[in-house]
Amino acid sequence: METSARPPAFWLFPIGLLLSLGFSALPGQWPLYIVLVLSTAILGLPHGSLDTAVARRHLRLHSMPRLIAFLGGYMALSTVVIAIWWQAPNAALGAFLLYSAVHFGDDVAHRLGRLGGVGYGLWILGLPVTLHPQKVQPLFEMLGATRADLLVAAGPWALGLGGAILLAALALSPNRATSDWRDPLLLVVGAALLHPLAYFIAYWCFLHSPRHLELAARDLGLDSWRERLRAVAPTTLATYALALAALPFLIGMPSDAILMRIIFIGLAALTVPHMILEFIASPRRAE
Ligand SMILES: CC1=C(/C=C/C(C)=C/C=C/C(C)=C/C=C/C=C(C)/C=C/C=C(C)/C=C/C2=C(C)CCCC2(C)C)C(C)(C)CCC1
Ligand SMILES: [Fe+2]
């Protein structure tokens, strides 16, 4: 069991849940969308922006051609995801939900095992879909899904399966940390009380991102916040520019759908190379 000093995400997550309760009580949908954009841009994206530094270290990008090949490969993979989404949005969204569950599971997989991690990820995503199907379905439709009803109907199954796997992994793992059972319980409270987007902000920006950032930054020897900021700034700014460049392709859609697509299809596209890099880097990190 974990007894040493808690990582920052241990305290940030309950604070994020309280903040989310505050802003989800504001009237109308726009405060929520504005907080979603700002928190994604400032708190969520930077953990992926460390990928350039992670790749420099673990893929040994010591020459300019290797660095350019990495950047080009990363963007090419992201472009393929967007192209698939364009052609087959239902399958692309279904796949995104599944690989997001695997990715979120990475947060605990080193203690609960890969399968336990998948259970954790299914629990995280199954909760808002099961508790607020009528709010989640239009959000999935904004992402281009024409059979959002089917994806939403799968929510309770994902939740049940994820919950059973997670429970078994917690019972069987001698290395479990307090946060491994505390956070899934706090997520139930968050999912019950919050709009699904506010719930996502609380989890993603206040638990997943700080946890992942801390782990990757420590591995890279970036101890001060100034060093971390310097490492993430260029890639984060480049990602803002890419998001802005997508805008002209979405003109004509309702503005909430534009925001949803830029954020979630953008994240789906970045997650594929981000996960591949994590699969390579995480076994090489000293725990
Ligand atoms: C390096 C590099 C770069 C960058 C990158 C980055 C920046 C990354 C990031 C990454 C990241 C940052 C990732 C993330 C991820 C995320 C995720 C994975 C999410 C998920 C989500 C979900 C799945 C959701 C769902 C939902 C909805 C949608 C609605 C409501 C309900 C719910 C919540 C269920 C660039 C391109 C510039 C260039 C090249 C290189
Ligand atoms: Fe991540």
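Where is R284 found relative to α12? Here are some friendly notes to read beside the model, which is predicted.

1. **R284.** To take that opening question straight away, R284 sits in the segment after α12. R284 is partly exposed, and its relative accessible area is 46%. If you want a reference point elsewhere in the chain, try R114: the two residues are 170 apart along the chain, and their C-alpha atoms are separated by 16 Å.

2. **The iron site.** Please look next at the iron ion (ligand 2), which is coordinated through the NE2 atoms of H47, H103, H208 and H274, at 2.2 to 2.6 Å. Angles among the four donor atoms run from 86 to 177°, and the site is square planar. If you would like to find the donor residues in the sequence, their spacing is H-x55-H-x104-H-x65-H. One pair of them links distant parts of the chain: H103 belongs to helix α5 (residues 89–131) and H274 to helix α12 (residues 255–281), and they are 171 residues apart. Both of these histidines, H103 and H274, are buried.

3. **Helix α1, its length and its two faces.** Helix α1 covers residues 8–24, which makes 17 residues. From first C-alpha to last, α1 reaches 24 Å, close to the 24 Å expected at 1.5 Å a residue. The buried residues of this helix are A9, F10, F13, G16, L17, S20 and F23. They lie on the same side of α1, because they cover an arc of only 155° around the axis. W11 and L18 are exposed residues on the face turned away from that buried side. As for what covers the buried residues of α1, the list includes α2 (30–49), α9 (178–193) and α10 (196–219).

4. **S24.** S24 also lies in helix α1. Its relative accessible area is 25%, so S24 counts as partly exposed. Not counting residues up to four places away in sequence, S24 touches L194 and A198. With L67 the picture is one of separation: S24 and L67 are 43 residues apart in sequence and 42 Å apart in space, C-alpha to C-alpha.

5. **D183.** This aspartate is worth a click, in my view. D183 is found in helix α9, and D183 counts as buried because its relative accessibility is 0%. Leaving aside neighbours within four places in sequence, D183 is in contact with F13, Y120, L207 and R211. One of these partners, F13, is among the buried residues of α1. Measuring from D183 to E227 in the model, you should find 29 Å between the C-alpha atoms, for two residues 44 apart in sequence.

6. **An aromatic pair in α2.** How many aromatic pairs are there in the model? The count comes to eight. One of them is formed by W30 and Y33, a tilted pair with 5.4 Å centre to centre and 45° between the planes. Both residues lie in helix α2, three residues apart, about one turn of the helix. Residues three or four places apart point the same way, because an α-helix has 3.6 residues a turn. The two partners are placed as follows: W30 is partly exposed, with a relative accessible area of 35%, whereas Y33 is buried, with a value of 3%.

7. **An aromatic pair in α5.** The ring centres of F96 and Y99 are 5.7 Å apart and the planes are at 70°, so this pair is edge-to-face. Because F96 and Y99 are three residues apart in helix α5, about one helical turn separates them. F96 and Y99 are both buried. With W85 added, F96 and Y99 form one aromatic cluster. Helix α5 is also where the iron donor H103 is placed.

8. **R60.** Finally, a backbone detail to check by eye. R60 has a positive phi of about 50°, although R60 is not a glycine. You will find R60 in the loop between α3 (51–58) and α4 (64–87). Is R60 buried or exposed? R60 counts as exposed, because its relative accessibility is 53%.

Conventions. Residues are numbered from 1 along each chain as its sequence is written. Chains are lettered from A and ligands numbered from 1 in the order in which they are written. This is a predicted model: local features need pLDDT of at least 70, side-chain atom pairs count only at pLDDT 80 or more; totals for chains, interfaces and linings use all residues. Side-chain values use heavy atoms; hydrogens and water are left out. Donors are N, O and S atoms within 2.8 Å of the metal (3.2 Å for Na, K and Ca); water is not among the atoms, so sites may look incomplete. Four donors count as tetrahedral if all angles lie between 85 and 135 degrees; four count as square planar and six as octahedral if opposite donors are over 155 degrees apart and all others between 65 and 115; anything else is irregular. Helices (H or I, at least four residues) and strands (E, at least two) are DSSP runs, numbered from the N terminus. Buried means under 20% relative accessible area, exposed over 50%, partly exposed in between (1.4 Å probe, protein chains only). The expected span of a helix is 1.5 Å times one less than its number of residues. The arc is that of the directions from the helix axis to the C-beta atoms. Contact means heavy atoms within 4.5 Å. Rings of Phe, Tyr and Trp (its six-membered ring) pair if their centres lie within 6.5 Å; planes under 30 degrees apart count as stacked, over 60 as edge-to-face and the rest as tilted.
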